[in-house]
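Me: Could you walk me through how to read a structure like this one, feature by feature?

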Amino acid sequence: MTTLVRVEWTDNDLQRLVTAQEAEVIERYGDEMAAQPLEPGTVSVGLLVRDDAGVAVGCGVLRDPAPAFQAGTAELNRMYVVPEQRRKGLAKVILRELEAIAVQRKVTQLVLETGVLLEEAIGLYSSEGYRIIDNYEPYEDSEDSRCFAKAL
């Protein structure tokens, strides 16, 4: 049994998982793909998934509105599940909860950026109805980035 918990951007467990996510991206791509820093004020929702023991094992955030888009669009960011908890559907649980929260907030479109080498992430987003879009700012010149959008 897992539990979903909304948290602030400054939550220690969220920050621990975000740091792990960023380290994994750097490990796959090198320092040149270090994550774009998020301004704390741009994060509207932080979400954790906790395991039976209460340990945070996954996360995701919403930025609302997404900086490169008009009102009504939010950005999914910092989606991550610890390696030992993958392939259990937790990323899908986080994604669907963030989508539900976005709908409650009157968001009409979600966008996101992921790396072209993150095949698991691309598979998740594609299977959940996200479509590839042109890379948006600040990823417009990145060949290592793939951007997606989904109408809600």
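The dialogue below takes up strands, a helix, cores, aromatic rings, cysteines and backbone angles in turn.

Me: What should I know before I start?

Reply: This is a predicted model, so local features need pLDDT of at least 70, side-chain atom pairs count only at pLDDT 80 or more, and totals for chains, interfaces and linings use all residues. Residues are numbered from 1 along each chain as its sequence is written, and side-chain values use heavy atoms, with hydrogens and water left out.

Me: Let's begin with strands. Which strands does β3 pair with?

Reply: Helices (H or I, at least four residues) and strands (E, at least two) are DSSP runs, numbered from the N terminus. Two strands pair if DSSP finds at least two bridges between them. Here β2 (residues 43-50) runs antiparallel to β3 and is joined to it by seven bridges, with Val-49 standing opposite Gly-58. On β4 (residues 73-81), β3 has an antiparallel partner over five bridges, and there Leu-62 faces Leu-76.

Me: How many residues lie between β2 and β3 in their hairpin?

Reply: Five, and Gly-54 in that turn has a positive phi of about 85°.

Me: Is β3 mostly covered or mostly open?

Reply: Let's fix the word first: buried means under 20% relative accessible area, exposed over 50%, and partly exposed in between (1.4 Å probe, protein chains only). Strand β3, residues 56-63, is mostly covered, with eight of its eight residues buried.

Me: Now a helix. What span should α2 have?

Reply: The expected span of a helix is 1.5 Å times one less than its number of residues. Helix α2 (residues 90-104) has 15 residues and should span 21 Å; its end C-alpha atoms are 21 Å apart, which agrees.

Me: Which residues of α2 are buried?

Reply: An α-helix has 3.6 residues a turn, so residues three or four places apart point the same way. In α2 the buried residues are Leu-90, Ile-94, Leu-95, Leu-98, Glu-99, Ile-101 and Ala-102.

Me: Which residues of the largest nonpolar core touch the most other members?

Reply: A nonpolar core is a set of buried Ala, Val, Leu, Ile, Met, Phe, Trp, Tyr and Cys residues joined through side-chain atoms within 4.5 Å. The largest one has 40 residues, and those touching the most other members are Leu-14, Leu-62, Leu-76, Leu-98, Leu-110, Tyr-125 and Tyr-130. At least two residues of this core come from each of α1 (12-29), β2, β3, β4, α2, β5 (109-115) and α3 (119-127). The largest share, six residues, is supplied by α2.

Me: What does Leu-110 contact?

Reply: Contact means heavy atoms within 4.5 Å. Leaving aside neighbours within four places in sequence, the partners of Leu-110 include Leu-62, Leu-76, Tyr-130 and Phe-148. Apart from the largest core lies another, of six residues, among them Val-111, Tyr-136, Tyr-139 and Ala-149.

Me: How many aromatic pairs are there?

Reply: Rings of Phe, Tyr and Trp (its six-membered ring) pair if their centres lie within 6.5 Å; planes under 30 degrees apart count as stacked, over 60 as edge-to-face and the rest as tilted. By this rule there are four aromatic pairs. Tyr-125 and Tyr-130 make an edge-to-face pair, 5.8 Å centre to centre with 70° between the planes, and both are buried. Tyr-136 and Tyr-139 are also edge-to-face, at 5.6 Å and 85°. Ring pairs link these two tyrosines with Phe-69 into a cluster.

Me: Why is Cys-147 in no disulfide?

Reply: A disulfide is a pair of cysteine sulfur atoms within 2.5 Å, and the count here is zero. The closest cysteine sulfur to that of Cys-147 is in Cys-59, 19 Å away, which is too far for a bond. Cys-59 is buried at 0% relative accessible area, and Cys-147 is buried at 0% too.

Me: Which backbone angles deserve a look?

Reply: Start with positive phi in residues other than glycine. Arg-78 has one of about 50°; this residue lies in strand β4 and is buried at 7% relative accessibility. Lys-106 has a positive phi near 70°, sits in the loop between α2 and β5, and is exposed at 68%. Then check omega: a cis peptide bond, with omega about 10°, joins Glu-137 and Pro-138. Pro-138 is found in the loop between β6 (131-133) and β7.
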